[in-house]
Amino acid sequence: MNANSIVQKLWRLCTVLRKDGITYQQYVTELTYLLFLKMMAERNRETGSLPKGLRWADLVAASGLAKLEHYRNVLVTLGASSTRLGRDDALVRPPGESATQEERQRHADSRPLPEMVQEIFDNASTFIREPQNLTTLVTAIDELDWFSEERDQFGDLYEGLLQKNAEETKRGAGQYFTPRVLIEVMVRLMQPRPGEVIQDPAAGTGGFLIAADRYMKAGTDSYFGLADSGAWQKRHAFHGMENVPGTLRLLLMNLYLHDIDSDHVALGDTLSDKGKGLGRADLILTNPPFGPAGGAPTRDDLSVTATVSSYQLPFVEHCLRALRPGGRAAIVVPDNVLFEDGRGKELRRMMMDWCELHTILRLPTGIFYAQGVKTNVVFLTRGKTETGNTKAVWIYDLRAQMPKFGKTTPLTQDHFAGFEKAFGTDPHGGERGPDEGEAGRWRRFTREAIAARGDNLDISWLREAEEEAEEGLIEPDDIAAAILGHLQAATLEIEALMAELGDELPEAAE
């Protein structure tokens, strides 16, 4: 059974648990715990890693209400900081029985659970109330053939479940889930290399970090050629921050299943002082949140966006400041980042001065499960100085005259083929396809031409035909997402206007 088949089978079980009042997000979290226990058993990592009595076979063997109580105990115990690896019978022998020398040695060599595992199970609890539902889930997971293909499927399986969750919650938490096809395009064009620090300040479930790791492993035989190099890649190459505890749990599990034990992925608000702890990066790949942030950033180093109460502008400033000279970034941004006046214009000038903003990709609407929200990817390289780095910007319009994306027409790699060819093989934008003129999708605009537009980078020249595209939507979920997307796009514009007015109020009061 391949990974896609496993995903489909596990996802169908969600309908059973929905009767227990469990949401999609809770279901994926529940699978996070169970898949970890099953993974440890399949990979023969339980001995010396998990205490006896807390292993997969113990959970399978229990029955009825005892299974549910045992499962609850496993979650609480693994989440406790006092849990020890290497715990064995020597720790739980009846009075009067002594441990063997081998058992004493294993116990002496024990160490605390890895911090990432503790975080996965931190404050863990089950949402399942009916013992039969847990039995159904455990039995289904236990009976699956996990290794019918050549390589380990756990990572791909988990990512598939995360994507299913995003698709089912398109009007909620999954609304800005980054499509894997877009992540892979951005990673291929940025070409991450072993030895680089790679950062995602809005890490979500880890899609960009996982894709970067996969790209590097596929591109070099020496990724883990040296013990020290391999350990550094696993523990220090990837930096990320996520502000939602439940999403952080999914992120940590995703990294763990892909054999990444990063010491630099944490819970926190990137727009607070904790965000400065992410440090400098050679490569930033990210899709920051859009919309109201509930207040201005609390960091003292975001000078341009210090008073902005939405996410998108301060996150971009963070990226500019976090890049090392010569570092590169690919950032998903909504349209208002490209056209907003006031702080938005100041931020674009900062971007073009500090960096070579060499490419903008205008993305189709609807690919983030919200039809009306218009987004772009900006590709840039941090300069060695803070003035005059951008000489020209190339723009590829993948939004105009495109199919109606949704369940019936999914976004695929083929849709990006023209853009990748035009972008070229240089991650810094040094190799370009020819300007296609007003009839094509790929055009070059000089810094002077952009300045003449008031530094507005929201440049289009092809007829979008967006209204006609939305008229063709037939799936109720796609129609609802389109309506919500328009409301959110309008909210972004209203927030931008309020921010501008807010900037002017102190002067007016004087």
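Strands E6 and E8 run parallel and are joined by 4 bridges; two strands count as paired if DSSP finds at least two bridges between them. The model is predicted: local features require pLDDT of at least 70, side-chain atom pairs count only at pLDDT 80 or more, and totals for chains, interfaces and linings use all residues. Residues are numbered from 1 along each chain as its sequence is written, and side-chain values use heavy atoms, with hydrogens and water left out.

**The chain overall**

- The secondary structure of the protein chain comprises 21 helices and 9 strands; helices (H or I, at least four residues) and strands (E, at least two) are DSSP runs, numbered from the N terminus.
- Of the 510 residues, 53% count as buried, where buried means under 20% relative accessible area, exposed over 50% and partly exposed in between (1.4 Å probe, protein chains only).
- Among contacts between residues at least 6 apart in sequence, 76% join residues at least 24 apart; a contact means heavy atoms within 4.5 Å.

**The sheet**

- An open sheet is formed by 9 strands in the order E3-E2-E1-E4-E5-E7-E6-E8-E9, with mixed pairing.
- Its edge strands are E3 (264-267) and E9, each of which pairs on one side only.
- On average, neighbouring strands of this sheet are turned by 15° against each other, direction ignored; axes are lines fitted to C-alpha atoms, for helices over the stretch in contact, and angles run from 0 to 180 degrees between N-to-C directions.
- Helix H14 (residues 245-257) packs on the sheet, where it touches strand E2 (238-242) and E3, and its direction makes about 155° with that of E3.

**Strand E6 and its neighbours**

- Strand E6 is largely enclosed by the rest of the structure, because 7 of its 8 residues are buried.
- With E7, strand E6 pairs in the antiparallel sense over 7 bridges.
- Leu-361 has Val-377 in E7 as its bridge partner, while Arg-362 has Asp-397 in E8.
- Strands of a sheet pair through backbone hydrogen bonds, in either a parallel or an antiparallel sense.

**Helix H17**

- The 12 residues of helix H17 (residues 343-354) should span 16 Å at 1.5 Å a residue, and the end C-alpha atoms are indeed 16 Å apart; the expected span is 1.5 Å times one less than the number of residues.
- Gly-344, Leu-347, Arg-348, Met-350, Met-351, Met-352 and Trp-354 are buried in H17.
- The buried residues of H17 pack against several elements, including helix H15 (312-322), strand E6 (355-362), strand E7 (375-382) and helix H19 (447-452).

**Aromatic rings and charges**

- There are 13 aromatic pairs, counted where ring centres of Phe, Tyr and Trp (its six-membered ring) lie within 6.5 Å; planes under 30 degrees apart are stacked, over 60 edge-to-face and the rest tilted.
- One stacked pair is Trp-394 with Trp-442, at 4.9 Å centre to centre and 25° between the planes.
- Trp-394 lies in strand E8 (residues 392-397) and Trp-442 in strand E9 (residues 442-446), so the pair ties together parts that are 48 residues apart in sequence.
- Trp-394 is buried at a relative accessible area of 11%, and Trp-442 is buried at 0%.
- Both belong to one aromatic cluster with Phe-379, Tyr-396, Phe-419 and Phe-423.
- Arg-432 lies over the face of Phe-423, 4.8 Å from the ring centre; a charge sits over a ring if NZ of Lys or CZ of Arg is within 6 Å of the ring centre and within 35 degrees of the ring normal.
- The charged end of Arg-443 sits over the ring of Trp-461, at 5.3 Å from its centre.
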